[in-house]
Amino acid sequence: MERTFIMVKPDGVQRGLIGELISRIEKKGFKIAALKMLKIDEELAKKHYAEHIEKPFFPELLAFITSGPVVAMVVEGDGVIAGMRKLMGKTNPKEAEIGTIRGDFGITTSQNLIHGSDSPEAAKREISLFFKEEEIIDYTRDL
Ligand code: CMP
């Protein structure tokens with residue numbers, strides 16, 4: 001089954017939206033296969049956001065993503081990578097449709113509540129940065 005890496009970012013945790021965001025993922029029918037709360041350090045942030053290190057917004061992104069706890073997840077389902085990106089809405093919450101997570105709750109691009117992998121390659125890489133294979137639970141979810 002397809003897997004993706006999802007993370008409730010520090011603003012989502014601070015605003016008390018962990019439950020709301022997980023609830024939307026579960027209600028959609030995707031399965032949470034691994035879940036943990038952690039604080040990201042600079043080393044992990046630079047690995048996770050390696051493609052953005054040279055971007056002008058990287059210092060802001062680094063400061064933000066290491067500012068407080070995040071909730072990291074492995075989410076499984078048929079077409080889950082594209083499906084989660086639809087559920088999250090566009091990166092810039094001002095452009096995200098109402099009904100999506102960022103459209104409903106987000107305000108700025110830098111603090112946009114949730115991260116999701118954008119390709120199968122990214123999903124594999126990001127999952128392996130945050131989870132050991134034995135932390136990903138194989139179970140059946142009866143819908
Ligand atoms: P995310 O999906 O986690 O992947 C990279 C993140 O960089 C993105 O969400 C945004 O939070 C952030 N980002 C992208 N573009 C900008 C920008 N122009 N200014 C600030 N942050 C940005």
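**Arg85, helix α5 and the ligand surroundings**

Arg85 is in contact with Gly116 and Asp118 when residues up to four places away in sequence are left out of account. In this predicted model, Arg85 is placed in helix α5, which comprises residues 80–88, and it counts as partly exposed because 16 C-beta neighbours lie inside 10 Å, a number that falls short of the 20 required for a buried residue.

Elsewhere in helix α5, the residues Val80, Met84, Leu87 and Met88 are buried. Viewed down the axis of α5, these buried residues fall within an arc of 95°, so they line one face of the helix. Such an arrangement can be read against the general geometry of an α-helix, in which there are 3.6 residues a turn, so that residues three or four places apart point the same way. The elements against which the buried residues of α5 pack are β1 (3–8), α2 (18–28), β3 (70–76), α6 (101–105) and β4 (114–116). Just after α5, Gly89 adopts a positive phi of about 85°.

Gly89 is also one of the contacts of Gly103, which, with neighbours within four places in sequence set aside, touches Gly89, Pro93, Ala96, Glu97 and Ile98. Gly103 belongs to helix α6, and it counts as partly exposed because it has 16 C-beta neighbours inside 10 Å. Between Gly103 and Ile40 the separation is 63 residues in sequence and 25 Å in space, taken from C-alpha to C-alpha.

Around the ligand, the surrounding residues are His52, Phe57, Glu60, Leu61, Thr91, Thr109, Ser110, Asn112 and His115. By class, this shell is made up of two nonpolar residues, six polar residues and one charged residue. Phe57, one of the residues surrounding the ligand, is located in the loop between α3 (42–48) and α4 (58–65), and it counts as exposed because 11 C-beta neighbours lie inside 10 Å, where 12 or fewer is the criterion for exposure.

The unreviewed UniProt entry carries a "binding site" annotation that covers Lys9, Phe57, Arg85, Thr91, Arg102 and Asn112. Of these annotated positions, Phe57, Thr91 and Asn112 are among the residues that surround the ligand in the model. According to the same unreviewed UniProt entry, residues 1–138 are listed as "domain: Nucleoside diphosphate kinase-like". Over that span, helix accounts for 41% and strand for 17%, while the end C-alpha atoms of residues 1–138 lie 11 Å apart.

Note on methods: Residues numbered from 1 in each chain as written. Predicted model: local features only at pLDDT ≥ 70, side-chain atom pairs only at ≥ 80, totals over all residues. Near = placed C-beta within 6 Å. Nonpolar A, V, L, I, M, F, W, Y, C, P; charged D, E, K, R; others polar. UniProt positions renumbered as here; feature names shortened; annotations may be inferred. Helix = DSSP H or I, 4+ residues; strand = E, 2+ residues; numbered from the N terminus. Contact = placed C-beta atoms within 7 Å. Arc of directions from axis to C-beta.
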